[in-house]
Amino acid sequence: MRKALALIFALTSCSILSSAQQTKPAALDKWEVFGGYSYSRAYAGISESEFPLSLNGGQASGSYYFDKHFGATVEFAGYTDDVLSRTIHTQGYLAGPSARFGLGHGRYQRVSFSAHQLFGATHFSFTYD
């Protein structure tokens with residue numbers, strides 16, 4: 001999982017750096033891609049000393065816009081932790097509509113707002129070592 005996330009991060013970083021010097025074609029306005037790392041700390045017991053969970057993982061999402069404002073988004077997330085010789089895995093799969101609206105006109109449009117409503121499922125699994 002960590003190797004896969006590192007590979008996705010490296011490929012995304014390289015593609016961003018290589019396209020930074022080029023003028024942006026209109027086709028790129030249709031796609032938005034996101035990848036990120038996440039750390040979450042939670043307690044599964046009655047007190048904070050019982051069963052602390054330190055979930056490491058990440059998420060990746062992609063949005064395709066059918067026109068200037070409306071599109072669809074798909075997101076995948078995965079997290080893992082080892083607790084009491086058990087490995088906890090969490091995977092999430094989400095999809096839904098998205099919208100974006102910009103401030104300004106033409107090339108002076110510097111700020112845009114986006115929102116999406118995602119629906120899906122999360123799967124938890126435990127592996128005993």
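Me: Which residue lies over the face of Tyr 65?

Reply: A charge counts as over a ring when NZ of Lys or CZ of Arg is within 6 Å of the ring centre and within 35 degrees of the ring normal. In this predicted model, Arg 100 takes that place over Tyr 65, at 3.9 Å from the ring centre.

Me: How many aromatic pairs are there?

Reply: Rings pair if their centres lie within 6.5 Å. The count here is four aromatic pairs. One of the pairs joins Phe 76 and Tyr 93: the ring centres are 6.1 Å apart and the planes stand at 75°, so this pair is edge-to-face.

Me: Which strands hold Phe 76 and Tyr 93?

Reply: Phe 76 is in strand β3 (residues 70-83), while Tyr 93 is in strand β4 (residues 86-103). The pair therefore ties together parts that are 17 residues apart in sequence.

Me: Which residues form one aromatic cluster?

Reply: Trp 31, Tyr 64 and Phe 66 make up one such cluster.

Me: Back to the edge-to-face pair. What is the relative accessible area of Phe 76, and what is that of Tyr 93?

Reply: Buried means under 20% relative accessible area and exposed means over 50%, with partly exposed in between. Phe 76 has 46% and is partly exposed. Tyr 93, at 45%, also counts as partly exposed.

Me: Which residues make the nonpolar surface patch?

Reply: A residue in a patch needs over 30% relative accessible area and no salt bridge. Here Val 74 joins Phe 76 and Tyr 93 in a nonpolar patch of about 300 Å².

Key. Residues numbered from 1 in each chain as written. Predicted model: local features only at pLDDT ≥ 70, side-chain atom pairs only at ≥ 80, totals over all residues. Heavy atoms only, no water. Phe/Tyr/Trp six-rings, centres within 6.5 Å; stacked < 30°, edge-to-face > 60°. Helix = DSSP H or I, 4+ residues; strand = E, 2+ residues; numbered from the N terminus. Buried < 20%, exposed > 50% of the residue type's maximum accessible area, 1.4 Å probe, protein only. Patch = residues over 30% accessible without salt bridge, like charges linked within 9 Å, V, L, I, M, F, W, Y side chains within 5 Å. Areas by Shrake-Rupley, 256 points an atom, 1.4 Å probe, with all protein chains shown as cover. Salt bridge = Lys/Arg side-chain N within 4 Å of Asp/Glu carboxyl O.
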